[in-house]
Amino acid sequence: MPCFFLLVGVGGLLGNQLTAIFGATQFGGTEAVASVWSQFLLHGYGSLVCIVWSCLASYVILKVLKMTMGGLTVTDSEQDDVDGTSFGEKAYPNFALPSP
């Protein structure tokens, strides 16, 4: 999931900010703006609003899920070995970490 955020989140924010710069007519764009700096700040404000909205919406969704479904409980079988407890198998029976 962190890789997805890096690709979509940071890439989207960077693209949003660069649109303010390269969209201006003096840089070959089609957007006739009075000031590139003012457009850059406006895009930055829009990005900040999107970040805050996403964080608040995610927080509310997680709280509603926790109230309706309960919190995440990790059982010993999930933490130790799912293959062994669920299927009676071991993925790599001969594998062992070397001792130092």
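1. Let's start with the overall burial: 8% of the protein's 100 residues count as buried. Keep in mind as you read on that this is a predicted model. The accessible surface adds up to about 8,600 Å², and carbon and sulfur atoms account for 70% of that surface.

2. On to the fold. You'll find four helices here and zero strands, so to speak an α-α-α-α pattern when you read along the sequence. As for contacts between residues at least 6 apart in sequence, 24% of them link residues at least 24 apart.

3. Helix α2 covers residues 36-69. How far apart are its end C-alpha atoms, and does the distance suit what 34 residues should span? They are 49 Å apart, which agrees with the 50 Å expected at 1.5 Å a residue.

4. Have a look at both ends of α2 too. At the N-terminal end, S35 acts as the cap, with a side-chain oxygen 3.2 Å from the backbone nitrogen of W37. After the helix comes G70, and its phi is positive, near 90 degrees.

5. Which residues of α2 are buried? They are V36, Q39, H43 and S47. The spacing is worth a thought: an α-helix has 3.6 residues a turn, so residues three or four places apart point the same way.

6. Now for Q17, which sits in helix α1, residues 2-22. Is Q17 buried or exposed? Its relative accessible area is 15%, and the cut-off for buried is under 20%, so Q17 counts as buried. Setting aside neighbours within four places in sequence, Q17 touches F40, H43, G44 and S47. Two of these partners, H43 and S47, are themselves among the buried residues of α2.

7. F22 is also part of helix α1, but here the label is exposed, because its relative accessibility is 52% and the cut-off is over 50%. Beyond the neighbours within four places in sequence, F22 makes contact with F27 and G29. The C-alpha atoms of F22 and V36 are 8.9 Å apart, with their positions 14 residues apart along the chain.

8. Last, the surface. F22 joins L14, L18 and F27 in a nonpolar patch of about 410 Å². L14, like F22, belongs to helix α1. If you're viewing the model, F22 is a handy residue to pick out, being exposed, part of this patch and in contact with F27.

Key. Residues numbered from 1 in each chain as written. Predicted model: local features only at pLDDT ≥ 70, side-chain atom pairs only at ≥ 80, totals over all residues. Heavy atoms only, no water. Helix = DSSP H or I, 4+ residues; strand = E, 2+ residues; numbered from the N terminus. Buried < 20%, exposed > 50% of the residue type's maximum accessible area, 1.4 Å probe, protein only. Contact = heavy atoms within 4.5 Å. Patch = residues over 30% accessible without salt bridge, like charges linked within 9 Å, V, L, I, M, F, W, Y side chains within 5 Å. Areas by Shrake-Rupley, 256 points an atom, 1.4 Å probe, with all protein chains shown as cover. Salt bridge = Lys/Arg side-chain N within 4 Å of Asp/Glu carboxyl O. Expected span 1.5 Å × (residues − 1). Polar contact = N/O pair within 3.5 Å; in protein donor to acceptor, adjacent residues only side chain to side chain.
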